[in-house]
Structure formats: structure tokens, C-alpha cells
Amino acid sequence: MPSIVIWCQQQFEILICLILWLITKSYSNSIPITFCVNKTVHAYLYSTLPQAANFQCFSSLRHDDLKEMLDSNKDSLKLEAMKRIVAMIARGKNTSDLFPAVVKNVACKNIEVKKLVYVYLVRYAEEQQDLALLSISTFQRGLKDPNQLIRASALRVLSSIRVTIIVPIMMLAIKEAASDMSPYVRKTAAHAIPKLYSLDPEQKDQLIEVIEKLLADKTTLVAGSVVMAFEEVCPERIDLIHKNYRKLCNLLIDVEEWGQVVIINMLTRYARTQFLNPNMNGSDKTFYGSDEDEDEEEEEEKDKKPYVMDPDHRLLLRNTKPLLQSRNAAVVMAVAQLYFHLAPKAEVGVIAKALVRLLRSHRFTEVFVLSSCRYVSQGMFEPYLKSFYIRSTDPTQIKVLKLEVLTNLANETNISTILREFQTYIKSMDKDFVAATIQAIGRCATNIGEVRDTCLNGLVQLLSNRDELVVAESVVVIKKLLQMQPEKHSDIIKHMAKLTDNIQVPMARASILWLIGEYCEHVPKIAPDVLRKMAKSFTNEEDIVKLQIINLAAKLYLTNSKQTKLLTQYVLNLAKYDQNYDIRDRARFIRQLIVPTEKSGALSKYAKKLFLALKPAPVLESPFKDRDHFQLGSLSHLLNAKAGGYQELPDWPEAAPDPSVRNVEVKDSVRAVGTVIYRDTGSDSASGSESGSGIEESGSGSESEESEEGSESEEEEEEEKEKDKKKKKKELKKKCLILHFVCRYIKYVLNSHANMYRPFLHLLLCLQTISPSSALKSYEMLHRITGEGLSVEYCFSRQPFSPDANMVAVQMQFTNNATSDTKNLHMEDVKLQSGMRVKEFPEIELLPAGEMVTAVMGIDFCDSTQAANFQLCTHTRKFFVSIQPPVGELMRPVFLTENEFKKEQGQLMGMNEITEKITLDVKCRNEHSIVQRVITAANLSRVPCGSDKECRFAGRTVTSSSLVLVTVATKEEGAAKLTINCEKMVIGTMLVKDILLALTQ
Amino acid sequence: MIHSLFLINASGDIFLEKHWKSVVSRSVCDYFFEAQERATEPENVPPVIPTPHHYLISVLRHRIYFVAVIQSEVPPLFVIEFLHRVVDTFQDYFGVCTEAAIKDNVVVVYELLEEMLDNGFPLATESNILKELIKPPTILRTMVNTITGSTNVGEQLPTGQLSVVPWRRTGVKYTNNEAYFDVVEEIDAIIDKSGSTITAEIQGVIDACVKLTGMPDLTLSFMNPRLLDDVSFHPCVRFKRWEAERILSFIPPDGNFRLLSYHVSSQNLVAIPVYIKHNITFREGSSQGRFDLTLGPKQTMGKAVESVLVSSQLPRGVLNANLNPSQGTYTFDPVTKMLSWDVGKINPQKLPSLKGTMSLQAGASKPDENPTINIQLKIQQMAISGLKVNRLDMYGEKYKPFKGIKYMTKAGKFQVRT
């Protein structure tokens, strides 16, 4: 089929004739024509062509061409067609007649064509529901694709097709995707939830199930999207959040920015329902200031129940604070509103700095931040006063907002600076802004009594300004100010009376007349004269001025009827025939009221009281008040009207709901790194505190036994009564004994059948090395005096540190001996020798007074005895502490058989062998005590040995896994030979010293 | 959240529309036009316009209005910030963000918008991820595409979104490994009549251009980190490390990005690099005014002040100005009454000045306001706050990168009241 392509660039008048001619031609010949016309021609065509058949054929013909391209089997043609279609969609042209031709290409191999088809599909599916169904099977196939990105994109498009028939398919797809392995697909599933909900709200219950499931997701990728879905589908189901609250708080910092905003807004609402108002005690005293404060507080209010912030509340505040430093203004604003609504008063101040920083970003952001600032202003922004100064280049919108903030910030101390600043604004060229400034001055003057006179004088000076607008605005403001203390200012009133000759602005004239009428006693001579002038010009005045003239006349008639009787009559007569019937009404009413006639009723007696009653002074208020009930930073707040879907910010509850709903059972994997805080439920939660993540099956059993004991021995310390203590000790001893016997038995069995029972040897190893915790030597890290009540002890727990096998596990025990709580225990500023690494313990949020907490950290010492130095920080103090390992702790026990031991020893001769002759301590001459002492000194395991004259031990250094072999050969009369074979000579020499010391003392 | 987006040019044509949910008729923009008419200047269009069924949130950049249509409660800053991100992305892709550029690349624009929002909620806004999904058009690629018919859409499916470092694309390779950092500071100041500073603040940014192979882990330390008291970071910066050691530690995104921006508030002492002696007077009764302006350097630590541009909005009564600059050129627009003087470099030995007379409307009374003077300037090789980068280290990769740092000071909103 022939086709004609026309390019027209210039001279379009001629071309249009040509085109029109061609259209008619082609209509009969059905030759497809492609018009590549530029925009002006296009517009011209639109306007000139009759909207009849001609143009219809014009567009459908073009589409025919596109259809053909779409039907071709060349990808490049298809792509070109799709590009043009998308360009048409972008311009808002209707291309729905191409739907069948486009949908055919949904399974196209070319990825770009496919994408553009998706774009088209999502746009038009709603209009062409039946045809859209043709594409569904493609997406269903996509949902099963092994590539996660294809699965995700299929779900994305499928859920974007707004066709009600496929709701069940979508539901199924979402459910499946919600348990997909890939977090990216799960994220897409979360996105799809609100889409389905808007399509069919009846699916709500099922969707909530999916949301609940996704809320439990631990990846940051999903968190933001699912909270978004939660907000759209079921914001009222706050109970779904409980279990995920802490997780969300902790993940927050790693979530992408947009998700952060949504999560923070949701958590604000959540916190409002779950926690107590931190400011409820009414006193502005900070409860979280220094420790001394807290102590005093407690002493004073012992009988009252002092407010203690829920640790979860604190967690939220603490975890959101760093986000004030986000580059995204929306995130900063979200945190600011969170602090504004949730934080104790003393802490809200931190948001000021961040908000002031936002002022420098794009202009609309500035408008918005400013309009939020004016509600928060009280005092918080005072240090940043100068950041709100106005530049002549600011748009009026911003000028007015800044003025608003400045006025709110004004107080006794800074008012003089602010007024000086205002003075320069009055000289501005922007007259609207000048008027706003004058109003602002008026507001400052009413709020701060000290400067009222200064302001008034300043405003009076403005009365001689050349610009009428300025004068008028000043008059209005002066009127309001004078009402406060009229008697002092009769000269100002006189001055203003003079102004009536010049000022033309009706509002100002009306204000002056009212003022003179109201205070006519202060200006008895001038008032009648003003009335005279006004009577003269009455007919030419504006309505508002006329009303005030009548008012003035009435008042003068009542106070000074001798002079003004005739004038009043005259004015009232003029008013009687006025065009405006308000004025006629007023005149009639006033005449009846003030002029005594026979018919006049009882009211005229009271006329004076009616007119000259003492009027209360006006309160000058910002036009933007009473928005407190909306959540700061929300759309509703900005507009001061409830927007659709706005979630009310609930009031604080009277009593805190049960905080335990947020408790989550800690899984093993978490616990391995985690700390155990005993405050929760007492001893129950203490059991099974830390365990290795079960590298050896048999090991775990014994470990839990150990930790039970550990916890008991700790409990023991907590117990105060002597009796109980003794009882416990007895029990403990009993257990030890049993353990000991078990060991003995197993050892016996093993020694005879070493290889057969190899797995059991690990058990033995554990039982032996992990002897009751009392055997673990603990070291002091922080004394309770230097630590101001906080004491820290650490010991090497000799358990594998599961997050990193190359690290030595250090178990720390924090005891709070002080009377106040310690918060936010964490590590900072770790200083290490090169190569050393530290896995910090998770931050301990709260350590209540008198309580004790343990935490485990891992340190890779690099097989050296260099100390790890760091700072231990609480919410108030920092302490420099260090952990120095004895050489014996730098190894972990390994099990070797006697033969293996000998073989290894044979390879570690010469330089690697250190021998020392020793005399054993008197108490330490039997096999058992030797083993005991060596194992206490170094983390080694015993190697079974045929002769009872020799004890052998083996281990490997933690970092480099070099073998450490120890042999103690006893001779007569306490003489013995200690041999150590180790690749690392330094370790060897040091270990010799330590063991020597252990055996001889 | 965001329902639709309309792009409107300065003459009021809607030249692009995109819908993420059901289609919203473009007639909704009539409310916007109405508000636009009511506002005297384009800057005064209110950012949020309520209509009976929707809310319009708009942003004006590069003389294009980006109007987002929303239906229900959403934090307005969320939308505003997102719209800015869209503009930034366009700028990143096409070099400029103009109507012509958008129209030329309408398909890419559409693909971008499709990726950036899903159902109105932001999906991928990191430029590194977007560039993996949709390759930016370059002249070479456009040529190749027209010849071979290949596409702009990435051949491989992107993985960046899935990685642990969501802002950096994977598999980056360069032959020259370079990392450049620009410390740019802007001074915002108001100077009063007598030359004393009313308020002065510094707004600083560190823009980076990092082209490094693999997954480098960079640390940047400062000589005087105390200055950085009020900072905001790119998400890649490890906040904990900054808190503890005042060191910026980060895995950078590939290409250009803003590492951090900081603010030195008016409470600190800020050096002012120039001073102005001015004498602008109008005499009562005469139709002449005197105009006398002299510029001089001050507190510049020996660095030259360059690209100085002085502009001032003269009062409405001024008809014309007859001035004589000692260097540079000046223009006066009698319609807008805008006087601008392109000074160039300030020579401390021979201070630039602009002197002459202004003619006023005959018979009109003397204007009672004095114009304010706006100044733009540039100082190379200096950050006025005194911020200095100490060193940049790289971990995680073996090669030795080329490192560069540049300092620059500019005047932001620098105003002198007369």
C-alpha cells in the first residue's frame, strides 16, 4: 500500500491547505498518510478543522498506520510505534482504539517494547476490561519465573490493571508473593495491597492477614512499603503493630527515605495510643536531665507516682533523632512532628536546628516549613531569630510567613531588635508587605506591654507617610492599640482627627471616626468639628464610613447635644434617603433611640448606656490560630481543613496500656548476640540467656545446663536472705558433684574406646571447660566508685562466639548500684591495635537501679595480649575502659587423641618447644587438681592419656588456629616438667609463665 | 498517594501528563490556572491548592510547573520533596530540565516516572538504580539506536535494588579511578546601612564525583570537624561513625552525588568577603538622584574575589540612570527598574566603583525607600568557614585512586541595605 509522509516545518499556511486537500483525497483513496507536523500546525489543524468526519478520519488513519507497525514482526517497528503511542498518551491524546493491537504485544521478547506495552496497558485496561483479560495469562506465567525481578514486575503490572474480574487472581498472586523468598518480590506484594484494596474493599480481611504477615518481615526493603499498605488499608488495627514495634524502631534508620516518612508518621500515632504523656506532671522539669535532678525528684515526690517514660517510648525518640540529619526534607519534617507530639518539652528543642536548616532548600519547602514553624515557635527558635529576617528579594508569601514567625518569637528581651528590624521593612517597596509589618507591630505591642508606647509612637510617625496604604493600615492598628489605654493618648486622637482631611482609604476613615466618637469626651472641641466636616461630605463617602458618621453623630448627640443637635438631625436626614438600606435602617433605628419623642419607648433612657458602654480592648491575634488539633506537617494542618483519609492524632491515654504486648519472644539466633535484661519477668527470662548457636549438637544440652546454673548463681547474688543463699549454695554444690561424676564416668568410657565415642568427647570438653561460672575468673572493668554507681565486671565465658568464630567471647556483667536508672549503655570510640576487631554488644536501653544485666561481646585479639580500649557510654557519662586478655583465653580447646597429640607434638619441636622444670604446689599434686588448675589458667581441653603421670592438654589459638599443646609430667615429690609446644613462640612463652604460676601457687 | 502528575509550561500548556491510578481529567488543572492568575508573581502561587475532589501540590522549577494531584492526606513535604527528586533526575538524565528536553525524550521520561512511582508510592528514586534500569540518552547512543534499533532500556535486569548497598550499582569498572570532592559554600548575609552585619550564615555542600571500580569504602576526615555542627547526609554515610569519630565513612554511589550539606548558623562569626561603600540619595524637589557605589575586598585571606555581579531594584520613580563604571559594564532596565553591574574581578589596588546620576519622574515626590543591593561573587580555592578536608582513604579495593578536592565560596542571598 502506498503511503505519503509529509514533513512540514515552515510556511504552514500553505501546507495546511495541502494537508486539507490530501485528507479529502486520502479519504476516498484510503492511502495512509503520516503527518509529521510541528506543534503550531497541529494546533492550527485542531482549531480550523471542523470536528466532523474529516478530522475523525484523520486520526483514525494515523492509528491505522500504527496498527500496521504493531502487527509487523520487526521489533524496531513495534518499538517505534509504541514510542509514538506513549508520546501521545503523555500529551493526553486518546489512543484507546489501539488497545487490541497493543495488547497482542504483551508477550513480546523485546524488553523495551514490553515495558511500553505495560505502560499502555495500565493506562487503558480500566476502559477495555474484556480485552485486558487477554494479557492476564502472560503475567500469571511471569509470576512463576525463576528471576525475582520478573516475578516482581509481573505482579506490579498485574496489580495495576484495575479490572474487577481479576480480583481473585490478584489476591492469590499477592498471597503467594508475600511469602516469596526474595524481599524485593515481597516489597512488590506490599505495594500491590493498597491497589487491590482500592479496587475491591471487600477483600480487606484477607488483605489484613497478608499485611500482618508482611509486618513481621525483618528486611528493611519491605518495612516501608508494608507500613504504607497498613496505613491505607487498616490504620485502625493498631494491635498489629505491637509485636513489630521494636523491630520497626530498630530498622528505621536503614529503611529508604520514603518509607521512613510513612513509618514515622504511623509510629507517632501508635505512640500516642500506647504511652503516657511525658509532660503530664505539669512541671516543666526535665526528668531526663542529670542524675541529681532525678534523685531530688524522687525524694520529693515519693508518695506521688513519678512519671517514668516507657523504654519503648524512649527507644522511638532515640532511634528517630539521627534522622533529623537526613537529606530529605520530608523525613526531617516527619521527625520534627514526632518530637513535637511525643517528646517531653525539654527535648523538643532539638528539632529547631534541623528545621532552620530546611529553610535554605527549595522555595516551596521553605513556605511549608515556615508555615509549620509558626506553630512551634514558642522559644524554641529564639536562638535562630536572625534566620527569619526578611530579604527584599523574598516572595511576598514567604515574607508574610517570616513576619508571622518573628512576631511569635517576640518577647521582652528581643523585642527591641525585632522592632528595629521591622522599621527597615516599613521602608520596603512591597506595600502589601509593609501593611503586614504594621499589623505585626500592632501584635507585638499588644502582647508586650513594655513596648506599647514605643510602637504607638512609631505608628503615629507613619501617619505622615506618603503612601496612603501605609497610613491607613497604621490608623487601623493605632485604633486597636488606643482602645487599651485611651485616656493617655488624647493628643494622638487629635492628630488623627486632622488626618480625616487627607486620608481617603475608607477603612482608615471609619476607624478614625469611630475613635473620635468613642473618646469624644477626651476631645470635646474637635469632635463636633469633625462631624461638621463629615456631614458636608456625607453623600460622597463609602458605606462603611457613612455608618461610622451616623455612629459619631449619635454619640455626640448623647454627650454634647447642645452643639450637635442640628448636625445630627442633618446627618440622619441624609441617611434616611441613602441608597443603601443598611444605612437607612441604621438611621431610622438611631433616630428612634436617641431623639426623645412621645412615642419613643423605654429604650431611649438607656441610649447613653447602649452607645457609650465600655468596650473591651481587642485581642490582636494571628490569623493562623487554632490548628493545634491537626498533626503537624500534615496536609490537613497546612490547609486547616480535614483532608480525606486524615488520621486523627489520638489524645494520650489516661493510663498506659499493657507494655508487655510489645514483648517478642527472642529467637535463638538473636539471643546469641543479644543481651538479656532481667527487668522483664524476673528469673524466667534469665534462663537460657546466651548459648552458642549450636555448633555441636551435644554441646547445647550441657550449655543450657550451665547457663541455668549461671543464672542461679546470679540470682543468688540478688537474694538478700542468708538462709536462701545457703540453700542455693547447697543445691549448687550438689549439681557440681553430679556433674563431676558424670564427667568421670564419661572419661572412663572414652579412654577405653576413644575413637568410637568421639562425638561424646565434645560433650566432655564442654563439661570440663565450662565448669560452673564461679570457676570463671572475672575481672573488673569499671569499679562502682569510678563508674558513679555503675560497676562492670567481665569474664571470658569460653564459649564459641557465634557471629564470628575468630573472636573471643567476653561476657560482661553490668550492675547498677546507683539509685537512678542508667540508660543507653553502649560502646563507643573503640581503639584497637591493627588487625584487631570488635563485635560490640547491642546497646542496653535501660538498666534500672539496683538491677544487673549481662551482655556478650566478641573481640578478635589477633592472638596478642594487647588490650582492647574503648569508651563505655551511658546516657550521661563516658568511661574509658579496657579489656586485656590473659594469654590462656586466646585459645579454644580442641580434642585430640593420644596418637594425634604425639604426632602433632613431634612436628612442633625445637624452637617451638618450651620446657620448664617446676615444683608443684603442695595442694596440687594429684591429677585432678593439676587438670583443674591448668584448665582454669588456659582454655584447653584434656587429651586422654594412658599414663597417670602425665597430663596432656590441647587447644588452638582463636585467630590463627595454631596448635597449643601442653604436657605436665609429674615426678616424685612434687617435681614436674612442663612442656609447651606451640607455633607461636610468644604465646608459648607467655603461657608457660601463666601455667607455671597456676601450678606452683 | 500521588495520583497524577501534570507538567505545565510558562505559557500555561499542559505538555505532559502521567497517571498512576485511575485517570484524573486534566481539567483539574483549571484550579491551578485560577490560582496562578490570582498570584501576581509565579513565585506566589500557593504550593497546595485544594479543589473539590483533589489537592494540587505544585513545584516550580526551570520555569515548568510540576503539578501533582493527590486525593487524600499525605505529608505535603513528601510530595514536594518527591517532585524535586523527579526534576533532579531529569536534570541528571538530560543535562537540562526544559520543556524541549522533556518533549524530546518523552518516552524516557515516561519510563522514568513509571519506575519512580508505583501506585503513587515512591519505588526507585536513587539515580544509580534508575540508570541501571533505563540508560540515559547520549548522543552516541541515540545515533547507535537509530541505526541498530536497539533500546535505552538496560539489557540486564538491575540488581542494585536488591543489593545491600542500594545506592550503588554493582559491577562498576573504570580505567582511571578518580574521586573528586567540591566544597562549595554560600554566604547568606544581610548587611545594614552602616556596613555592620545583621545576620550572616553559611550554607555549605560537599558535592562528590566518584568514579571508582568495584566496591570502595571511603573515609573522609576533616581538619576541623567541629565546624560541622548542623549537617545532613547522603544516606550512604555511616551516621554512628560520624557521631563517634567525626569521620565520614561511606561506600559512595557511582557518579555525581551530594555527600553532605551543612549549615553554619548566624550564631557563629562569619567572615564577610566584601564591603560596599554606597551613597544613594534623592533630593526633594529635584528630579535628580545621586548614585555612588564602591566595592572592596575584606577578609578574603588573600584570595581574589571574582565574577562579582551587583544588582539592585531601584525605586519606581527612577526613569533612567546615567552611570559611569570604573570597570565592567552596567545595564538598567527602565521597565523593571533593575540595575545590574557586572564587575568581574575586584582589584584591591584599584577598587571598582559606579558613579553617576539617576533621573526621576519630574514633579513626583522623592521616593521614601532606598534600594537594597544584591551581590553575587565567587572566591576560588577557599571555603569561607575555614573547613578543610584532612585526608581521604580508601579501603576494600587494591588500586590507588586519583583524589582531588576543590574549594569555592559564593555569595548566596547576600544583601546590603542602604
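**Exercise 1. Determine whether Arg952(A) is buried or exposed, and identify its salt-bridge partner.**

Solution. Arg952(A) has a relative accessible area of 7%. The cut-off for the buried class is under 20%, so Arg952(A) is buried. This assignment, like those that follow, refers to a predicted model. The partner of Arg952(A) is Glu950(A), and the closest N and O atoms of the pair are 2.8 Å apart. Glu950(A) has a relative accessibility of 23% and therefore counts as partly exposed.

**Exercise 2. Describe the salt bridge between Glu114(B) and Lys18(B), and state where its two residues lie.**

Solution. The two side chains meet with an N to O distance of 2.6 Å. Glu114(B) belongs to helix α4 (residues 106-116) of chain B, while Lys18(B) belongs to strand β2 (residues 14-19) of chain B. With their positions 96 residues apart, the pair links distant parts of the chain. Both Glu114(B) and Lys18(B) are buried. A further arrangement involves shared partners: salt bridges join Lys115(A), Arg156(A), Lys195(A), Glu115(B) and Asp118(B) into one network.

**Exercise 3. Characterise the interface of chain B and chain A by its residues, area and polar pairs.**

Solution. Begin with the residues: chain B contributes 97 to the contact and chain A contributes 94. The area buried between the two chains is about 8,400 Å², and carbon and sulfur atoms give 57% of this area. On the side of chain B, the residues that lose the most area to chain A are Glu73(B), Leu77(B) and Phe121(B), which together account for 8% of what that side buries.

Next, consider the polar terms. Nine salt bridges are found across the interface, and 28 residue pairs are in polar contact. Helix α2 (residues 76-94) of chain B supplies eight residues, the largest share of the side of chain B that touches chain A. That side divides into 45 nonpolar, 25 polar and 27 charged residues.

**Exercise 4. Examine two salt bridges, Asp230(B) with Arg357(A) and Glu421(A) with Arg417(B).**

Solution. For Asp230(B) and Arg357(A), the closest N and O atoms are 2.7 Å apart. For Glu421(A) and Arg417(B), the closest N and O atoms are 2.7 Å apart. Glu421(A) lies in helix α22 (residues 415-426) of chain A and Arg417(B) in strand β23 (residues 402-417) of chain B, so this pair joins two chains. Glu421(A) counts as buried because its relative accessibility is 5%. Arg417(B), at 10%, also counts as buried. Over all chains, the whole structure holds 49 salt bridges.

**Exercise 5. Describe the surroundings of His234(B) and of Cys373(A).**

Solution. His234(B) is placed in the loop between β11 (231-233) and α7 (239-245) of chain B. Its relative accessibility is 3%, so His234(B) counts as buried. Beyond residues up to four places away in sequence, His234(B) touches several residues, including Arg327(A), Glu126(B) and Trp167(B).

Cys373(A) is found in helix α20 (residues 363-376) of chain A. With a relative accessible area of 0%, Cys373(A) is buried. Apart from neighbours within four places in sequence, Cys373(A) is in contact with Leu355(A), Phe381(A), Phe388(A) and Val405(A). Glu404(A) is 31 residues from Cys373(A) in sequence, with a C-alpha to C-alpha distance of 9.5 Å.

**Exercise 6. Summarise the composition of chain B.**

Solution. Chain B comprises seven helices and 23 strands. Of its 418 residues, 56% are buried. Among contacts in chain B with a separation of 6 or more, 68% are between residues 24 or more positions apart. Chain B exposes about 17,700 Å², with 51% supplied by carbon and sulfur atoms.

Conventions. Residues numbered from 1 in each chain as written. Chains lettered and ligands numbered in written order. Predicted model: local features only at pLDDT ≥ 70, side-chain atom pairs only at ≥ 80, totals over all residues. Heavy atoms only, no water. Contact = heavy atoms within 4.5 Å. Buried area = accessible area lost by both parts, 1.4 Å probe. Salt bridge = Lys/Arg side-chain N within 4 Å of Asp/Glu carboxyl O. Polar contact = N/O pair within 3.5 Å; in protein donor to acceptor, adjacent residues only side chain to side chain. Helix = DSSP H or I, 4+ residues; strand = E, 2+ residues; numbered from the N terminus. Nonpolar A, V, L, I, M, F, W, Y, C, P; charged D, E, K, R; others polar. Buried < 20%, exposed > 50% of the residue type's maximum accessible area, 1.4 Å probe, protein only. Areas by Shrake-Rupley, 256 points an atom, 1.4 Å probe, with all protein chains shown as cover.
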